[in-house]
Amino acid sequence: MSEVAVSPVPMPAKRRGAQLIMLALAVLIVMGAYANVGLAMDGQVPAGMLTYGLSLGGLMLAAYLVLAKFAPWADPLILPLVTLVNGLGLVMIYRLEQSDLVGMAGASATSQIIMTGIGVVLFAVTLLVLRDHRTLQRLTYTAGLVGVVLLVSPLVPGLGKEINGARIWIGFGSATIQPAEFAKIALVIFFAGYLVAKRDVLALAGRRLLFIDLPRARDLGPVLITWAVAIGVLVLQKDLGSSLLLFGGFVVMLYVATQRTSWVLIGILLFVGGAFLAGQLFSHVGDRFDVWLNPTSNEYYERQYGGSYQIMQGLFGLGAGGILGTGLGQGHPDLIPLAYSDFIFNATGEELGLTGLMAILMIYALIVERGLRTSLAARDPYSKLLAGGLSFILAWQVFIIVGGVTNLIPLTGLVTPFMSQGGSALLANWILIALLVRTSDAARRPPPQAIQNEGLTQVFQR
Amino acid sequence: MSELTLLLIRLAFLAVLWFFVIAAVGVIRTDLFGSRTAPAGARKAAKPAKPVAKPKSKKGEPRQLIVTGGPLQGTTIDLTETPITIGRANDATLVVTDDYASSRHARLFPQDGQWIVEDLGSTNGTYLDRSKVTRPTPVPLGVPIRVGKTVIELRK
């Protein structure tokens, strides 16, 4: 049997080369986009192109080196894909910054690239500190507590700030952060740990009614608590986005853990019922629904606050873009209020057209696909749930905001991951990507070789 | 800048964007199918190193272990020359979280072109099809092995 132990194990390829090439291509595309903006707007390649391009390239090279050293088996595609969407977001913000309109005064590509830098640092720190994502399982309830505290922190008087009608910010002096963005990661970690421990009782107990398996009444506890928190966020913080994100994430992870459709049905019914009731009782929620159903009505369009002006401008932008777009720097995306943050998807759509938007959505889809693939390849249930939950949260967030700005679902105040200007979301999403990379590293690593019980010396190799 | 140049730049940019997407899909494609076979270099090196005294026909040999039932359903492990351990311990090849499985529950290892299942003194036993595995037993293709709530099968 000795030759058995010696023979090399076929392994999944690391594909570092492919990763580096894709990363370089992503940075080149971003630099090309910068040049395009400058050529279209001023007739010359912008002076900042090399600085921006090189700083983005340098940052991503650093991220790549950390990844290659500390998570060598990680998925080769995640980092390049994220680089491209982050870079395209930077280009759009830079382009909107060139506008003279008052509404675009808040756009700042410099602050966004600094935030990207901090995001990459957090990415590296997460990979360095967290050598095995399963240590997070020990922090299940801590993560849950941290998540809930972060989520309710904007409600604390003195700490919380209300900006643009939503109380989702906490501020220290002039700096504000959006704690819900970090809360979502903490809560996914909590849900994963909790569901691994409780999945059997949630999956097996209960009785069958008609065609679905109904769970026992007392097992509804966690679902009801999460639901109450989600509805609380919706009503007290006026934040439909985080509420939907949190509850949707929980229901899907519950489904992944238990494979019971009944949980999904119960979840959807609870949330739709709760949101409907909230819409009836609280005007700010109701307004969102009215605007969603009749965006073209004159009354809503001309309303000063909470009307449909913004969403209609966004839709006009998409319409102006058409199939091929107006070209970078040649449209008028600066007419859309908040085009650099919530509505960056429409701004991009106007200049790159449907063709460009589809490419961007494909890139998001590929990031999510890599995450779900990691979840499938993972060998233990905790990693499966964690990777599945993290990638679903990302997909769900893209769906909520893109659905919102295209008026498919009521508009919510979420940001487009990696593209929108906004520090908290960018940092939180870089941490999320680091966790996915860490999990995929563990999942793709060749399985540990079992102890050979031949001979006296036992070789244990991981 | 003339209109035409800008139009060409715009189209070229969209084309490059899609080229990136397609290239990414290409990486995944080779990644998916590449996981079964080793990278070309390693494989070529491995071939001549193998002992030639293996006249067994390669046809009937299983190449994959597939989890067909239980919480880990859908997981596949490529069979190599290394033994596979199943259990709750973190260093097992297939880590099951299942109250009915022991930490080191069962072991699968190749011998003369066949895969043998061996129970490692588990509490609830390992079952090959319907019969309890009491001593190392060869596993035919497609016959379910039960470890707690997990069911695995060998496939080609």
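Let me begin with how elements are counted here: helices (H or I, at least four residues) and strands (E, at least two) are DSSP runs, numbered from the N terminus. Two strands are said to pair if DSSP finds at least two bridges between them.

What we have on the screen is a predicted model, in which local features need pLDDT of at least 70 and side-chain atom pairs count only at pLDDT 80 or more, while totals for chains, interfaces and linings use all residues. Residues are numbered from 1 along each chain as its sequence is written, and chains are lettered from A, with ligands numbered from 1, in the order in which they are written.

I will start with chain B, where an open sheet of 6 strands runs in the order 2-1-11-10-7-8 with antiparallel pairing. Its edges are strand 2 (76–78) and strand 8 (131–132) of chain B, each of which pairs on one side only.

At one edge, strand 1 of chain B, residues 64–69, pairs with strand 2 of chain B in the antiparallel sense over 3 bridges, and Leu65(B) has Ile77(B) as its bridge partner there. These two strands form a hairpin with 6 residues between them, and in the turn Gly70(B) has a positive phi of about 95 degrees. Strand 1 of chain B also pairs, again antiparallel, with strand 11 of chain B, residues 150–155, over 5 bridges, and in that strand Glu153(B) is the bridge partner of Ile66(B).

At the other edge, strand 7 of chain B, residues 126–128, is joined to strand 8 of chain B by 2 bridges, and the two run antiparallel; here Leu128(B) has Ser131(B) as its bridge partner.

Turning to chain A, we find 16 helices and 5 strands. Of its 462 residues, 52% count as buried, where buried requires 20 or more other C-beta atoms within 10 Å of the residue's own, with C-beta atoms placed from the backbone.

Which residues touch the most other members of the largest nonpolar core? Among its 148 residues, they are Val30(A), Val85(A), Ala192(A) and Met253(A), and helix 7 of chain A, residues 179–204, gives the most to this core, with 15 residues. Such a core is a set of buried Ala, Val, Leu, Ile, Met, Phe, Trp, Tyr and Cys residues joined through C-beta atoms within 7 Å. A second, separate core of 20 residues includes Ala101(B), Ala106(B), Val133(B) and Val147(B).

Note on methods. A residue is buried if 20 or more other C-beta atoms lie within 10 Å of its own, exposed if 12 or fewer, and partly exposed in between; C-beta atoms are placed from the backbone.
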